[in-house]
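Biologist: Let's go through this one together, label by label. I'd like to hear what earns each label, so please bear with my questions.

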Amino acid sequence: RPLDLRILPQLDSDRSGRSLPPGAVFRVTRELLKDGTTFLELESGEGWAFDRVAGAGSICSRHQDGLWEVSAADADVDEKLLPAEWLQPPFPLGVPELARISVADLRLGQAFRGYVTGVDHEGAFVDMGAEVDGWVHISQISDEHVVDPRDVLSVGQEVDVWVTQIKDGKFFLGMSRRRLCLQPTRPHISTLRELEVGSVHEGIVTDLCNHGAFVVLGDAKGGVGHKGLVHVSKFPGYVKHASDAVEVGQKVTVRVLSTKNDRLE
């Protein structure tokens with residue numbers, strides 16, 4: 001049966017009037033865990049889905065970060081089973097079920113699982129479902145020092161990666177959580193001057209420093225967004241080190257304090 005979306009992230013909320021059919025794949029911008037149920041805010045703005053209800057078990061499953069599918073468990077649902085050879089690299093082109101992600105639709109900090117397609121002394125290429133492979137520099141392969149990527153990676157190896165930079169139709173990835181650093185492209189400076197002091201924005205933590213955390217405003221789609229410092233003294237409560245409160249790639253809510261001298265705080 002279709003999954004009826006809710007207006008608010010709670011099971012007893014009014015329905016939004018929209019629903020998702022069994023087997024539908026959808027993107028989400030936010031996930032909230034309440035009493036064992038994960039509520040999923042659709043990127044389309046149609047409402048909130050949820051992954052389970054009492055007595056029915058799991059009704060949605062995660063494909064990868066930000067991408068979910070409605071379960072097609074009913075006997076009368078004609079499930080589309082992909083041939084086994086399609087699920088092995090290299091993936092065939094022109095298959096709707098295996099549609100590639102546009103580089104322009106990628107977001108900084110997104111997490112994916114992919115496989116290594118090439119490796120040399122400088123780094124590795126990884127296929128994680130985008131229209132082109134992403135590049136992982138040797139410095140971003142491991143928490144430990146790597147002398148030669150070929151000592152720790154091999155073609156076909158499955159790896160977890162994060163999107164760190166998107167530029168000129170290409171993108172870069174990181175494998176090391178500890179060394180992760182997101183590098184947004186700054187929009188035209190005039191858009192920074194349009195930001196109102198005191199305005200509240202959603203953002204993504206790009207990197208940490210001794211004084212606090214840097215945050216890029218917005219969803220960093222296409223790797224673009226204004227980046228500013230949140231000083232540790234501005235964190236809620238007492239926080240000695242930014243790493244005690246946030247991590248790179250985490251979504252946060254921030255308030256603009258200043259844009260003087262074209263510098264965002």
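Modeller: Let's start at a turn in the chain: strand 15 and strand 16 are joined by a hairpin that runs through 2 residues. Keep in mind that this is a predicted model.

Biologist: How do you know that strand 15 and strand 16 pair?

Modeller: Count the bridges: 6 of them join strand 15 (residues 200-209) to strand 16, and the two run antiparallel. Pairing takes at least two bridges, so the label holds. One partnership to look for is Cys209 with Gly212, the latter in strand 16.

Biologist: And what makes strand 16 and strand 17 a pair?

Modeller: Strand 16 and strand 17 (residues 227-231) have 5 bridges between them, again antiparallel. With at least two needed, they count as paired. Here Ala213 stands opposite Val230 in strand 17.

Biologist: Is strand 16 mostly covered or mostly uncovered?

Modeller: Mostly covered: of the 6 residues in strand 16 (residues 212-217), 5 are buried.

Biologist: Why do you say that a charge sits over the ring of Phe214?

Modeller: The charged end of Lys227 is 5.0 Å from the centre of that ring. The distance limit is 6 Å, so 5.0 Å passes. The charge also has to be within 35 degrees of the ring normal, and Lys227 is listed as sitting over the ring.

Biologist: Why is Ala220 called buried?

Modeller: Ala220 has a relative accessibility of 1%. Buried means under 20%, so Ala220 qualifies. You'll find Ala220 in the loop between strand 16 and strand 17. Ala220 also has a positive phi, about 60°, although it is not a glycine.

Biologist: What about Asp168: buried or exposed?

Modeller: Exposed. The relative accessible area of Asp168 is 71%, and exposed means over 50%. Asp168 is in the loop between strand 13 and strand 14, and its phi is positive too, near 55°.

Biologist: Then why is Gly36 called partly exposed?

Modeller: Gly36 comes out at 48% relative accessibility. That is neither under 20% nor over 50%, so Gly36 falls in between. Gly36 lies in the loop between strand 3 (25-34) and strand 4. Its C-alpha atom is 9.4 Å from that of Asp51, and the two residues are 15 apart along the chain.

Biologist: How do you know that Phe39 and Phe50 form an aromatic pair, and what gives the pair its type?

Modeller: The general idea is that you need two values, the distance of the centres and the angle of the planes. For Phe39 and Phe50 these are 6.3 Å and 55°. Centres must lie within 6.5 Å, so the rings pair. Under 30 degrees would be stacked and over 60 edge-to-face, so 55° leaves tilted. There are 2 aromatic pairs in the structure.

Biologist: Why does this pair tie together separate parts of the sequence?

Modeller: Phe39 belongs to strand 4 (residues 37-42) and Phe50 to strand 5 (residues 48-50), so the pair links parts that are 11 residues apart in sequence. Both Phe39 and Phe50 are buried.

Biologist: What makes a group of residues a nonpolar core, and how many residues does the largest one have?

Modeller: The members must be buried residues of certain kinds, Val, Leu, Met and Phe among them, joined through side-chain atoms within 4.5 Å. The largest such core has 29 residues, and Val126, Met128 and Phe171 are among those with the most contacts inside it. Elements giving two or more residues to this core include strand 10 (111-119) and strand 14 (170-174). Strand 13 gives the largest share, 5 residues. Apart from that core lies another, of 16 residues, including Leu5 and Trp48.

Biologist: How do you know that strand 10 pairs with strand 13?

Modeller: They share 5 bridges in the antiparallel sense, and at least two are required. Ala111, for one, stands opposite Trp162 in strand 13. Strand 10 also has 4 antiparallel bridges to strand 11, with Gly118 opposite Phe125. A hairpin through 3 residues joins strand 10 to strand 11.

Biologist: And zooming out, how many helices and strands does the protein have?

Modeller: The protein has 1 helix and 18 strands. Of its 265 residues, 38% are buried.

Conventions: Residues numbered from 1 in each chain as written. Predicted model: local features only at pLDDT ≥ 70, side-chain atom pairs only at ≥ 80, totals over all residues. Heavy atoms only, no water. Buried < 20%, exposed > 50% of the residue type's maximum accessible area, 1.4 Å probe, protein only. Phe/Tyr/Trp six-rings, centres within 6.5 Å; stacked < 30°, edge-to-face > 60°.
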